[in-house]
Each structure stands twice: as structure tokens, then as C-alpha cells.
Amino acid sequence: MNAYQQKWIEMLKVANLRDWKIEPAGDDITIEMPHLTDLKLIRDNLPEVLGQLSLDIHEPKERLQFIFKNGHENFEYVLNPTEEDLNKA
């Protein structure tokens, strides 16, 4: 686990997101939420929320993929995408 990934995990765990399981998964972060969590709402607000949180992270930025799951569906969000990530879109 790299320092940037570790800092994000620490920040998310400190936020006390009730019943959210936040774990490293290789170079990514997996976030499992309760089944009733509205992933569309999370996805719509994610760029703004992560942008605000990133102001408190002073580690060198690295590519980091967040994988959100609620037991029914999932989605991925890449922070600091690489050229390869951008070419996939």
C-alpha cells in the first residue's frame, strides 16, 4: 500500500461513515456500503466531496481507484487518472 492510498483510507475511516467498510485492495480502495445506499447519489456528489477532502492530503498524488459497492451494484472512480485511464473513456 502506498502512502497516498493509506492517507485516503485514514481520512475516510475518520469520517465515521456508518456501516461503510473501507479497505485497501491492491493499489485501489474498496468501499462497501449498506444495501440501501443510493449509489447514484454517491456517484453524483463524489467528485466534489473527494476534491474537498484532497485539500487535506499532502502526500504526492498517485493514481487511485475507488471501488464502491452496496451489495446490488457497484461503480469505480479513478482519482488522478493516467493516460491509459483517459484513453479508455
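**Aromatic rings, core and pocket**

Tutor: Y4 and W8 are both buried, that is, under 20% relative accessible area, where over 50% is exposed and in between is partly exposed (1.4 Å probe, protein chains only). The model is predicted, so local features need pLDDT of at least 70 and side-chain atom pairs pLDDT 80 or more, while totals for chains, interfaces and linings use all residues. Residues are numbered from 1 along each chain as its sequence is written, and side-chain values use heavy atoms, with hydrogens and water left out.

Student: In which helix do Y4 and W8 both lie?

Tutor: The two residues are four apart in sequence. That spacing is about one turn of the helix. Helices here are DSSP runs of H or I with at least four residues, strands are runs of E with at least two, and both are numbered from the N terminus. Y4 and W8 share helix α1.

Student: How many aromatic pairs are there?

Tutor: Rings of Phe, Tyr and Trp (its six-membered ring) pair if their centres lie within 6.5 Å. Planes under 30 degrees apart are stacked, over 60 edge-to-face, and the rest tilted. By this rule the count is four.

Student: What geometry does the aromatic pair Y4 and W8 have?

Tutor: Centre to centre, the rings are 6.4 Å apart. Their planes stand at 80°. The pair of Y4 and W8 is therefore edge-to-face.

Student: At what angle do the planes of the W8 and F66 rings lie?

Tutor: The ring centres of W8 and F66 are 5.5 Å apart. The pair is edge-to-face because the angle between the planes is 85°.

Student: How many residues apart in sequence are the parts that W8 and F66 tie together?

Tutor: W8 sits in helix α1, F66 in strand β3. W8 is buried, at 0% relative accessibility. F66 is buried too, also at 0%. So the pair ties together parts whose separation in sequence, in residues, is 58.

Student: Which residues form the one aromatic cluster?

Tutor: Y4, W8 and F66 belong to it. Two further Phe residues join them. The full set is Y4, W8, F66, F68 and F75.

Student: Which element gives the most to the largest nonpolar core?

Tutor: A nonpolar core is a set of buried Ala, Val, Leu, Ile, Met, Phe, Trp, Tyr and Cys residues joined through side-chain atoms within 4.5 Å. The largest one has 19 residues, and W8, I29, I31, F66 and F68 have the most contacts inside it. α1 (3-14), β2 (28-32), α2, β3 and β4 (74-79) each supply at least two. With five residues, the top contributor is α1.

Student: Which residues is I31 in contact with, leaving aside neighbours within four places in sequence?

Tutor: Contact means heavy atoms within 4.5 Å. Among the partners are F66 and F68. The whole list is L12, W20, K21, I22, F66, I67, F68 and K69.

Student: Is T30 buried or exposed?

Tutor: T30 is found in strand β2. Among the residues T30 touches beyond four places in sequence are K21, I22 and I67. Its relative accessibility is 11%, so T30 counts as buried.

Student: Which class does Y77 fall in, buried, exposed or partly exposed?

Tutor: Y77 is in strand β4. Its contacts beyond four places in sequence include L46, L50, F66 and F68. At 25% relative accessibility, Y77 is partly exposed.

Student: How much space lies in the largest pocket?

Tutor: A pocket is an open set of points on a 1 Å grid over the protein atoms alone, where a 1.4 Å probe fits, with protein on both sides within 12 Å along at least five of seven lines. Points are joined across faces, edges and corners, and volume is the space filled by probe spheres set on them. In the largest pocket it comes to about 210 Å³.

Student: Which element gives the largest share of the lining of the largest pocket?

Tutor: Lining residues have an atom within 4 Å of a point. There are 14 of them, with L12, L17, W20, L46 and V49 nearest the centre. Two elements give two or more residues: α2 (39-54) and β3 (64-69). The largest share, seven residues, comes from α2.

Student: How many charged residues does that lining have?

Tutor: Asp, Glu, Lys and Arg count as charged; Ala, Val, Leu, Ile, Met, Phe, Trp, Tyr, Cys and Pro as nonpolar; the others, Gly among them, as polar. The lining has 13 nonpolar residues and one polar. Its number of charged residues is zero.
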